[in-house]
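Work through the exercises below with the sequence and the model open. Try each task before you read its solution.

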Amino acid sequence: MNETRRALIDALADGPIDGPALADRLDVSRAAVWKQVEALREAGFGIESGDDGYRVVEIPEYGAEAIAFGLEAPYRIEYHDQIGSTNDRARELAETGEDNLVVVADEQTGSRGRLGREWIGPSGGVWASLLLRPERPPAEIPVYALAAAVAVARAAREAGAEAIIKWPNDVLLAGEEPTQRKLAGILTEMEGEADRVSWLVVGIGVNANVDAGALPDGATSLREATGDVDRRVFLQRLLETFHDLTGGDTDLHAILDEWRQLSATLGQRVRVETPGETIVGEAIDVQFPGSLVVRTDDDERVVHTGDCEHLRPV
Ligand code: BT5
């Protein structure tokens, strides 16, 4: 989507506006405004022109323009009906210098989980990868994944689903264990030097309007929990929360408190498989930038990375 299109969408989202005012605001000719309005109509928008100017009366269900319409976060959207992996596409765009961009797809045919695992991404999900260039050291990056989990959980709760977070950043739907099932996963990838990130891709996969039968065992979807959601609104809320938590000079430490409030891991007995060992104990806290503090029989351990399983109390 080009700059003029995005500016037009932003202007129309603010309310009715007439052609001359639009031409002024977009700094283009009235003919160019008309052409862009026609393009939006072709993209599925209902736009009436009345006495007070152009007015949007219908927004398409999903797609780049629909997601951008009314979005209160500074991201551009690239949309695909089908793609291999939104993370792969975002990484490709990172090489071209892009920033503050979100790659969104309806369906993924080659999406990835962590550690080379497969992610199933059928049509109807919310599959999105944010490409960012935060001016932060790489050591702080894990907290971005926590922020993404908070953003997903909040959007899911707004949609009526009782979402909780399992360390580090799986979003589950609450229920009696072991029936807590996975609603969403997050995969962050980055490139940088010791003291500065070059690019960061935050890949977010939410099983939204998807049949549970299309997902692996242990997975669930918003369709199963609450019925279908408006993916446009869901993704907008998610992106807005993520931006509130991480944008500009925000204090990233504040993310931890938000995470604690939504986490189902704290206070639980857990087994964490780290690359080197297995740690069993009670999860007592999370520490910046996202490490889990586990009290074992012998001492307290700070775990930076691993797969976590909630255990029944002994
Ligand atoms: C994750 O990995 O949970 C991170 C998933 C990130 C997916 C997003 S979608 C947009 C972006 N583009 C990508 O290519 N990826 C990101 P992990 O914790 O490793 O969990 C992977 C495991 O979850 C798999 O081994 C399966 O057991 C299970 N799984 C696969 N697809 C699933 C799904 N749709 N819902 C729930 N669980 C799933």
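**Exercise 1: A charged patch**

Asp-299 is partly exposed, with a relative accessible area of 41%. Buried means under 20%, exposed over 50%, and partly exposed in between (1.4 Å probe, protein chains only). The model is predicted: local features need pLDDT of at least 70, side-chain atom pairs count only at pLDDT 80 or more, and totals for chains, interfaces and linings use all residues. Residues are numbered from 1 along each chain as its sequence is written, and side-chain values use heavy atoms, with hydrogens and water left out.

Task: Which residues form a negative surface patch?

Solution.
- Start with the place: Asp-299 sits in the loop between β12 (291-295) and β13 (300-303). Helices (H or I, at least four residues) and strands (E, at least two) are DSSP runs, numbered from the N terminus.
- Next, the rule: patch residues have over 30% relative accessible area and no salt bridge, and like charges are joined within 9 Å. Asp and Glu count as negative.
- Result: Asp-297, Asp-298, Asp-299 and Glu-300 make up the patch.

**Exercise 2: Salt bridges**

Task: How many salt bridges does the count come to? Which residues join into one network?

Solution.
- The rule asks for a side-chain nitrogen of Lys or Arg within 4 Å of a carboxyl oxygen of Asp or Glu. The count comes to 27 salt bridges.
- Take Asp-88 and Arg-112: their closest N and O atoms are 2.6 Å apart. Asp-88 belongs to helix α5 (residues 86-94), while Arg-112 is in the loop between β4 (101-108) and β5 (126-132), 24 residues apart.
- Check exposure: Asp-88 is partly exposed at 35%, and Arg-112 is partly exposed at 27%.
- Take Arg-91 and Glu-189: their salt bridge has an N to O distance of 2.9 Å. Arg-91 is in helix α5 and Glu-189 in strand β8 (residues 181-193), 98 residues apart.
- Check exposure again: Arg-91 is partly exposed at 32%, whereas Glu-189 is buried at 12%.
- Now a further salt bridge: the closest N and O atoms of Asp-228 and Arg-223 are 2.7 Å apart. Asp-228 is partly exposed at 47%, and Arg-223 is partly exposed at 30%.
- Result: salt bridges with shared partners join Asp-88, Arg-91, Arg-112 and Glu-189 into one network.

**Exercise 3: Aromatic pairs**

Task: Why is the pair of Trp-119 and Trp-127 edge-to-face? Which helices hold Tyr-144 and Phe-242?

Solution.
- A pair of aromatic rings is described by the distance of the centres and the angle of the planes.
- Rings of Phe, Tyr and Trp (its six-membered ring) pair if their centres lie within 6.5 Å; planes under 30 degrees apart are stacked, over 60 edge-to-face, and the rest tilted. The structure holds four such pairs.
- The ring centres of Trp-119 and Trp-127 are 6.5 Å apart and the planes are at 85°, so this pair is edge-to-face. Trp-119 is buried at 18%, and Trp-127 is buried at 0%.
- Tyr-144 and Phe-242 form a tilted pair, with 6.4 Å centre to centre and 50° between the planes. Tyr-144 lies in helix α6 (residues 142-158) and Phe-242 in helix α8 (residues 231-246), so the pair ties together parts 98 residues apart in sequence. Both Tyr-144 and Phe-242 are buried.

**Exercise 4: A loop residue**

Task: Is Ser-263 buried or exposed?

Solution.
- Ser-263 is in the loop between α9 (254-262) and β10 (269-273).
- At 15% relative accessibility, Ser-263 counts as buried.
- The C-alpha atoms of Ser-263 and Ile-164 are separated by 5.6 Å, though these residues are 99 residues apart along the chain.

Methods: Patches are made of residues with over 30% relative accessible area and no salt bridge: like charges are joined within 9 Å, nonpolar side chains (Val, Leu, Ile, Met, Phe, Trp, Tyr) within 5 Å. Accessible areas come from the Shrake-Rupley method with a 1.4 Å probe; for residues, only the protein chains shown count as cover. The place of a charge is taken as NZ of Lys, CZ of Arg, CG of Asp or CD of Glu.
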